[in-house]
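Reader: I would like a close look at one part of this protein, followed outward through the side-chain contacts that can be read from the coordinates. Please take the time to connect the pieces rather than list them.

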Amino acid sequence: MRTTAASVLAAVLVLCGLLQPVSRLAHAEPDLHAAGHPTADLKLTRDDILTRAKSWLDERVPYSQEAKHTNQYGTYRQDCSGYVSMAWGLKTARWTGDIMQVATRIDKKNLLPGDSLWVHSSAHQHMALFIRWADTAKTQAVVWEEYRSGTVASQRTWSADRTAGFTAIRYRNVIEGDAKTCAAVSLDHPRYPEIAAAATGALVKTAQCLLTAAGFPTGANGPTGTFDTTTADATKQFQASLGLPALGKVDSHTWTALLARGTTPQLQDGASGDAVLRLQRALNAALDAGLELDGRFGANTTAAVKRYQSAHGLTSDGIAGPKTWAALQAGK
């Protein structure tokens, strides 16, 4: 009975963030050398790291310590350290016990997108990819991570207490000097007010990234957060492409069209996922609807869709179909 109880306890604790299997303590688990898998630890820019990392978020790769995921970047374990190993372009997936063979400790105040937050102790073993700070005091980290069984690779915001329990580390092969990425720019805001020339801040970065993704680049230096003449010109060109007044400022119509871009699946109560999240953003821009951006199509999202449909002469059924998407993507 004592042996059985110990086995059960060990099985329960074998989760990323708790304990690792004994076999992984001995050596790094070899990876399959699928097409695209590195033959040596890669030297990557921060753009490269975030692009690789975002692929698992987009593909909603489920957490697992046994399974491996393969895409254009290679084959890696689907746990917390396997995810960071993939993002960093490592030949062999590391784990929390040996990741420091390819990383160095840094001060938390110096964290940059693509660095990692890491802990390895007898009680707690976990790591995640740092994306940005959620607060100006730099106490709450926004991370991309493979978290635990039953979840998929996703973005989470850690509390100050949780963040404080981790050490900041940096991949030794990162190539510094690039800050031209939109991967770390959030598209989620409680409101999307009008922005124009001389505006600065996170909303400007969001608009710049959305414009660039739509094919209207806002400058070679990436999302600067300053609404300059290049951003104004890109905004005018995007507006003209949709037949909107080319005002050069991102108003509610322009926000709605930018945020709604993408696939147009039929969505209704009970749906979830990235398309629902895009719909919620677009409705918040169009109606100032105040929807929680959670990617879940519930009663509030249904009510907002009905309100939008009614305002634009569409059948008010609460289902986001082709006509509703078309109106949103036209900036109506």
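Reader: Is W158 buried or exposed? Please begin with that residue and go on from there to the other rings, the charged pairs and the strands.

Author: The model is a predicted one, and what follows should be read with that in mind. W158 is buried, because its relative accessible area is 2%, a value that falls under the 20% cut-off for that class. Its ring belongs to an aromatic pair with F166, in which the centres lie 4.4 Å apart and the planes meet at 40°, so the pair is described as tilted. F166 is likewise classed as buried, at 3% relative accessibility. W158 also has a charged neighbour, since the charged end of R162 sits over its ring, 4.6 Å from the centre. A similar arrangement is found at Y147, where the charged end of R156 sits over the ring at 3.7 Å from its centre.

A search of the whole structure gives 6 aromatic pairs, and another of them deserves the same attention. The rings of F216 and F238 have their centres 5.8 Å apart with planes at 75°, so this pair is edge-to-face. The pair links distant parts of the chain, with F216 in the loop between helix 6 (202-213) and helix 7 (229-242), and F238 in helix 7 itself, 22 residues apart. F216 counts as buried at 17% relative accessible area, and F238 counts as buried at 4%.

From the rings I turn to the charged side chains, for which the count comes to 9 salt bridges. D115 forms one of them with R46, the closest N and O atoms being 3.1 Å apart. D115 is placed in the loop between strand 4 (103-106) and strand 5, whereas R46 is in helix 3 (residues 46-59), so the pair ties together parts that are 69 residues apart in sequence. Both partners are buried, D115 at 1% relative accessibility and R46 at 4%. The pairing does not stand alone, for R46, D115 and R170 are linked in a network of salt bridges.

The loop that holds D115 leads to strand 5, and this strand is worth following. Of the 5 residues of strand 5 (residues 116-120), 4 are buried, so the strand is largely enclosed by the rest of the structure. Strand 5 is joined to strand 6 by 5 bridges, and the two run antiparallel. They form a hairpin with 4 residues between them, and H120 has Q125 of strand 6 as its bridge partner. Strand 5 is also joined to strand 9 (residues 167-171), through 3 bridges and again in an antiparallel direction, with L117 standing opposite A168 of strand 9.

Beyond strand 6 comes a charged residue with other kinds of contact: D135 lies in the loop between strand 6 (125-133) and strand 7 (141-145). D135 is buried yet has no salt bridge, and K138, the nearest side chain of opposite charge, is 9.5 Å away. What the side chain of D135 does have is a polar contact of 2.5 Å with the side chain of T139, and it reaches the backbone nitrogen of Q140 at 3.0 Å.

Two further salt bridges involve the loop between strand 10 and helix 6. In one, the side chains of D188 and R281 meet at 2.6 Å, N to O. D188 is in that loop, after strand 10 (174-175), and R281 is in helix 9 (residues 274-287), so that the pair links parts of the chain 93 residues apart. D188 is partly exposed, with a relative accessible area of 31%, whereas R281 is buried at 9%. In the other, K249 pairs with E194, with the closest N and O atoms 3.4 Å apart. K249 is in the loop between helix 7 and helix 8 and E194 in the loop between strand 10 and helix 6, 55 residues apart. Here both partners are partly exposed, K249 at 28% relative accessibility and E194 at 46%.

Helix 8 (residues 252-260) contains H253, which counts as partly exposed at 40% relative accessibility. The C-alpha atoms of H253 and A330 are separated by 8.1 Å, although the two residues are 77 residues apart along the chain.

Conventions
Residues are numbered from 1 along each chain as its sequence is written. This is a predicted model: local features need pLDDT of at least 70, side-chain atom pairs count only at pLDDT 80 or more; totals for chains, interfaces and linings use all residues. Side-chain values use heavy atoms; hydrogens and water are left out. Rings of Phe, Tyr and Trp (its six-membered ring) pair if their centres lie within 6.5 Å; planes under 30 degrees apart count as stacked, over 60 as edge-to-face and the rest as tilted. Buried means under 20% relative accessible area, exposed over 50%, partly exposed in between (1.4 Å probe, protein chains only). A charge sits over a ring if NZ of Lys or CZ of Arg is within 6 Å of the ring centre and within 35 degrees of the ring normal. Lys and Arg count as positive and Asp and Glu as negative; His and the chain ends are not counted. A salt bridge is a side-chain nitrogen of Lys or Arg within 4 Å of a carboxyl oxygen of Asp or Glu. A polar contact is a pair of N or O atoms within 3.5 Å; within protein, one must be able to donate a hydrogen and the other to accept it, and residues adjacent in sequence count only if both atoms are side-chain atoms. Two strands pair if DSSP finds at least two bridges between them.
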